[in-house]
Amino acid sequence: MQKISKARLYELFDAVAAKQDLYIPTDREEGAAEYKKYESGMKLTKELNTVRSAKDFFFPQTENLAEFRLEGKNIEVRDIREECEDFVIFGVRACDAKSFTILDKVFLCEPVDSFYKNRRDHGTVITMACTRPAETCFCKTFGIDPTVPGGDVSCFDDGENIFFLANTEKGEKFVESISSFLEDGDTDKLMEVQTRAREIMGRLPLAKLSTENFGGDKLNEYFNSDKWAELSEACLGCGTCTFVCPTCQCYDIKDFNTGHGIKRFRCWDSCMYSDFTKMAHGNPRLTQLERFRQRFMHKLVYFPANNDGEFGCVGCGRCLAKCPISMNIVKVMKALEAK
């Protein structure tokens, strides 16, 4: 495994950013972390994770799809798709890296979403292993090892050096491009760091949370549970949980009259909103209970039923940290399991 001294990391960033766009997690003025395009002098955040996930790079919150021009009875449709430039995302955690495989199952199945695929093809994901997971973390529940984060290239921090390990052909190409900055490294200290991180994971409050009682064969049992009324009673329907979630993939498509033509765009939507899935005849989910149930049934039952048992959650903990009424998937799982 090859390494670079942490003292030279920003020198490496400068070199990468000179050739292609580089994004790193950095602090906002108020302290929360977010991904930003790297500029010389920018510093990596010390926060474990960003407020919003790295999903934005491949499935942005808003995105133009097409343009229309009307002249009398004639309609001109303009395809505005352009080939994406290569870019690199550094510092993606294991949970977010796993979320990409979930999104791939949605956007890369037939018919392939060409907008999403374009970004996936040109983006190189450089992950960073966790050394001190937070109390809100429960990625292990979904089979994710935060000390082996995956991505195109995995990075590991032993306190003094950053180690690089290529996992894909795209990752090998990236590591080769920065080889002049790297040297072979002794991983003994790194193994100690990984062992400590796994010990921390074992002591976290949610370490024993299990998906054993969930999956595609639980549809009738959980859909008809009498616990949804109590669980959903305090829900504000604000959609915060869906907007910080790295695996939520729902969107709406709208047309906007610019005065010079029509722009068709898509934007994130939330199953927690009263107009979600609204059609000409009305909305099939009229109550907050039904919308609340939809969100968690999708994560824990519907998605695994259609994707070989893979759940629609990666245990990043963002919904635990950000829900204004402290309602989240963990509480739902525990409530539904209780007989």
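This text walks through the overall build of a predicted model, then its empty spaces, and then one buried residue.

Start with the whole chain. The secondary structure of the protein comes to 11 helices and 12 strands. Along the principal axes, the C-alpha atoms fill a box of roughly 65 × 65 × 40 Å. The radius of gyration is 22 Å. A compact globule of 339 residues would have a value near 20 Å, so the two agree.

Next come contacts and surface. Take the contacts between residues at least 6 apart in sequence: 70% of them join residues at least 24 apart. Of the 339 residues, 47% count as buried. The protein exposes about 17700 Å². Carbon and sulfur atoms supply 48% of that area.

Now turn to the empty space. Rolling a probe the size of a water molecule over the atoms shows where such space is left. The largest pocket holds about 520 Å³. Its lining counts 22 residues. Nearest the centre of this pocket lie L44, T45, K46, R93 and D157. Two elements, α1 (9–17) and β6 (87–92), each supply at least two residues of the lining. By class, the pocket lining divides into 11 nonpolar, five polar and six charged residues.

Closed spaces are a separate matter. A search of the whole structure finds seven cavities of 30 Å³ or more. The largest of these cavities contains about 140 Å³ of space. It is lined by 17 residues. C235, C241, M272, C323 and M327 lie nearest its centre. Helix α9, residues 288–306, gives the largest share of this lining, with three residues. The lining of the largest cavity has 13 nonpolar residues, three polar ones and one charged residue.

The second largest cavity follows. About 120 Å³ of space lies in it. Its lining also has a count of 17 residues, and C245, R295, C313, C316 and C319 are the closest to its centre. The elements that give two or more residues to this lining are α9 and α10 (318–322). Helix α9 provides the largest share here, three residues. The classes in the lining of the second largest cavity are 10 nonpolar, four polar and three charged. Helix α9 thus appears in both accounts: it gives the largest share of the lining in the largest cavity and in the second largest cavity.

Finally, look at a single side chain. Where does F100 lie? F100 sits in helix α2, which spans residues 94–107. Is F100 buried or exposed? Its relative accessible area is 2%, so F100 is buried; the cut-off for that class is under 20%.

The contacts of F100 show its surroundings. Leaving out residues up to four places away in sequence, F100 touches A54, K55, F58, V92, Y116, R120 and V125. S180 lies 80 residues from F100 along the chain. The C-alpha atoms of F100 and S180 are separated by 30 Å.

Terms used:
Residues numbered from 1 in each chain as written. Heavy atoms only, no water. 1 Å grid on protein atoms, 1.4 Å probe; cavity = no way out; pocket = protein on both sides within 12 Å on 5 of 7 lines; lining within 4 Å. Points joined across faces, edges and corners; volume = space filled by probe spheres on them. Helix = DSSP H or I, 4+ residues; strand = E, 2+ residues; numbered from the N terminus. Nonpolar A, V, L, I, M, F, W, Y, C, P; charged D, E, K, R; others polar. Rg over C-alpha atoms; globule rule 2.2 N^0.38 Å. Buried < 20%, exposed > 50% of the residue type's maximum accessible area, 1.4 Å probe, protein only. Contact = heavy atoms within 4.5 Å. Areas by Shrake-Rupley, 256 points an atom, 1.4 Å probe, with all protein chains shown as cover.
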